[in-house]
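User: I'd like to talk through a structure and how its features get their labels. Can you take me through the reasoning?

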Amino acid sequence: MSTNPADPHVVSLPLLTHHTASRSAVTCEYRCGNACAHEAPNPSANTYFGDVVRRVLNRRGLLRAGAVLSLATGVTAAAGATAAARPGPGGHQPAAAPGTDFDPVTPNTRDSVVIPEGYEQQVVIRWGDPVLPGAPEFDFDNQSARAQQLQFGYNNDFAGLVPLDGAGIHNLLVVNHEYTTESHMFRDYDPDNPTAEQVRTAWAAHGQSILLVRRDPARGRLDVLPSHYSRRITLDTEFAVQGPAAGSELLRTSADPRGRSVRGTLNNCAGGVTPWGTILSGEENFHQYFAHADRVEDPTTRRRMERYGINTGASTRKWERFDDRWDASREPNETNRFGWVVEIDPNDPHSTPVKHTALGRFKHEGATVRTTEDGRVAVYMGDDERFEYIYKFVSSGRMKPGRSAHARRHNKALLDEGTLYVARFTGDSPASEIDGSGRLPSDGEFDGSGQWLPLATGDTSHVPGFTAEEVYVFTRLAADRAGATKMDRPEDVEPNPVNGRVYCALTNNSNRGAAEHAPVDEANPRVGNRHGHVLEITERDGDPTSTEMSWGLLLVCGDPQRADTYFGGFDKDRVSPISCPDNVAFDRHGNLWIATDGNELGSNDGLFAVPVEGPERGHVKQFLTVPKGAETCGPVVTDELVTVCVQHPGENGSGPENPGSHWPDGGDSQPRPALVAVWRDLGHRVGEIGRR
Ligand code: FEO
Ligand code: CA
Ligand code: CA
């Protein structure tokens, strides 16, 4: 990166040196089992069905464009606060779109959460803080499974707030604990010989924490209150299997011969709050927890495991030594019991959480709901791996309004019956204009039309050669067969409650366009896509049940000074640089908020706001950055506050002897993943200067 000589923590553009992936090796190993270092497990031949199939890449043209761009970028850094302060035409400060009126944070590498001027922040809860009564005080050097079962888990990703009152003062807070980083959680950890206590501590550090929080209306703080809602969900919590694949032979194991009850949930990444007040959460990189797929004898089973990237050989965490269910050769069907969307009802601490088989099995990033005019619900979902797909589920039944116990019981069954679809995108520009460089085609946009291809409805399969059960349990294989479009790591896919369009973060894909992989297409237009892009889907007639759509790329991320980036047509001199979009959220105005994972521009990750309508459409502004080594996750944006999960701070370091961060406790402390709340001082609204 190039740094500003006046402040070594401020990152200036342009970037004159080459960056390798900025996510640390530790994060890659423990979060997703080094998915990017392995061959992407989608070998299917379904590349792209539109009229813009591009089978030969114009590599010479790409290199030439890159060389010209590097030489042309002579000026330093217009990003951040200075860029936003620049007057508009006529010398007037341009008006910010409502909700985005703040001075953007400059890209930086500070070991803190950096927020705009005039805002305040607070750590709401950290790894090891008490959740349940009797939780001991956190003691890094004496952590135990028993303590961890009562405490806030590790590596918080999604956070959801379910308001209990009209003013949003009291809320249920649900937080996902996506994965554990044993080498940073335990001093002197031996990855070849983990102890039983360390393994059980990790089982307890996964799952969810559920808490009652109170927002201070006079200030903005979010305080955890002791309550009967407090709950920890771990790898030992019982989940009920529901939907059309419940009881399937493919889900039966020695511990559960009926295939209807699973112990625990794993690698819960993003999620969503349902209109009926429950939480949906995606089981993402579950493959890495299993071992020895290579010892599976049945070739069909082995092929199916390969499509999901189940480990051959030992697993990173060696759990297979402590419970046979993690050994894919001993309990092959146990692998089929993860990779689902789970639903948790935080209103009832005694409720049994559910795995919804109708929503398919893949590396679910998250799941977010939109209600149709006739009361049905559509659920949008991404499969976060290179060359995987975007999915939608449409319920057959109709939602009962409200959040009463009766309505919740009814609505929790909605996601068990309906149609599961996968997306195919077709570009509208000639193939010759999609040359892999990121240069816009002559019609000025990466855009086109698309279809939602049905995979199964209830017990009926729409995919030749697949039973309905096989569609649900081996959804990736069914989607290959249906001819879905291979995307650049689909993460959050969320409907905008204001304009009804659907926004999908495509994080990156280093292999896009490589000789042995899928070529570029108009929906994934850059070779070796390092910075990712944001896709905007418009369902036909605005109807979430439609099988037809149009789409366009709202953002093509990266250094705004380079020609291969696009910011919704907005003036690129005035935007904050953004890289590797991951989670998305919306404020009351319908502005899109984007959290990043793995910023490839040399800055720490952050949270950005971008209007999607009017003259400010595409005006990306950075709202905050997170500390060293961390990823920004699970943003929630209301009028009164913004919350983000700061995941894996310090994973840039080698572990307890050499922490890469001392956030949040400072001094020489160990880093701790935590949830942070940010609010305007003097009780003003977020992003609305001067309004109370
Ligand atoms: Fe857990 Fe897709 O990030
Ligand atoms: Ca086009
Ligand atoms: Ca994510």
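User: Let's start with the largest pocket. How does its lining divide into nonpolar, polar and charged residues?

Analyst: This is a predicted model, by the way. The lining of the largest pocket has 19 nonpolar, 13 polar and 9 charged residues. There are 41 lining residues, and Leu-161, Val-273, Phe-586, Val-636 and Val-637 lie nearest the centre. Val and Leu count as nonpolar, and so does Phe. The pocket's volume is about 1,100 Å³.

User: Which elements give two or more residues to that lining?

Analyst: They are β4 (156-163), β11 (268-273), β15 (368-371), β23, β28 and β32 (631-637). The largest share comes from β4, with 5 residues.

User: What about enclosed space: how many cavities of 30 Å³ or more turn up?

Analyst: A search of the whole structure gives 2. The largest holds about 50 Å³, and of its 10 lining residues Pro-107, Pro-577, Asn-599, Leu-601 and Ser-603 are the closest to the centre. Its lining splits into 6 nonpolar, 4 polar and no charged residues.

User: And what makes the lining of the second largest cavity partly charged?

Analyst: By class it has 3 nonpolar, 3 polar and 2 charged residues. Among the lining residues are Asp-587 and Asp-639, and Asp counts as charged. The volume here is about 30 Å³.

User: On to the metals. Why is the site of the calcium ion (ligand 3) called irregular?

Analyst: The angles among its 6 donor atoms run from 48 to 161°. Six donors count as octahedral only if opposite donors are over 155 degrees apart and all others between 65 and 115, so an angle of 48° rules that label out and the site is irregular.

User: Which residues coordinate the calcium ion (ligand 3)?

Analyst: Cys-269 contributes SG, Glu-365 and Glu-491 each contribute OE, and Asp-582 is listed with OD twice, at 2.4 to 3.1 Å. For Ca the donor cut-off is 3.2 Å, so the 3.1 Å end of that range still counts. Along the chain the donor spacing reads C-x95-E-x125-E-x90-D. Glu-491 in strand β23 (residues 490-495) and Asp-582 in strand β28 (residues 581-586) are 91 residues apart, and the pair links distant parts of the chain. Both Glu-491 and Asp-582 are buried.

User: What are the protein donors of the calcium ion (ligand 2)?

Analyst: Those are Asp-428 (OD), Ser-429 (OG), Asp-443 (OD, listed twice), Glu-445 (O), Asp-447 (OD) and Glu-522 (OE), lying 2.2 to 2.8 Å from the ion. Their spacing is D-S-x13-D-x1-E-x1-D-x74-E. Ser-429 and Glu-445 both sit in the loop between β19 (418-427) and β20 (447-457), so the pair ties together parts 16 residues apart in sequence.

User: Buried or exposed: how do you know which word fits Ser-429?

Analyst: Ser-429 has 4% relative accessibility. Buried means under 20%, so Ser-429 is buried.

User: And why is Glu-445 called partly exposed?

Analyst: Glu-445 has a relative accessible area of 31%. That falls between the 20% and 50% limits, so Glu-445 is partly exposed.

User: Stepping back, what makes the protein chain as compact as a globular protein of its length?

Analyst: The chain has 10 helices and 34 strands. Its radius of gyration is 24 Å, and the globule rule gives 26 Å for 692 residues; the two are close, so the chain is as compact as a globular protein of that length. Of the 692 residues, 65% count as buried.

Technical notes. Residues numbered from 1 in each chain as written. Chains lettered and ligands numbered in written order. Predicted model: local features only at pLDDT ≥ 70, side-chain atom pairs only at ≥ 80, totals over all residues. Heavy atoms only, no water. Tetrahedral: all angles 85-135°; square planar, octahedral: opposite > 155°, others 65-115°. Helix = DSSP H or I, 4+ residues; strand = E, 2+ residues; numbered from the N terminus. Buried < 20%, exposed > 50% of the residue type's maximum accessible area, 1.4 Å probe, protein only. 1 Å grid on protein atoms, 1.4 Å probe; cavity = no way out; pocket = protein on both sides within 12 Å on 5 of 7 lines; lining within 4 Å. Points joined across faces, edges and corners; volume = space filled by probe spheres on them. Rg over C-alpha atoms; globule rule 2.2 N^0.38 Å.
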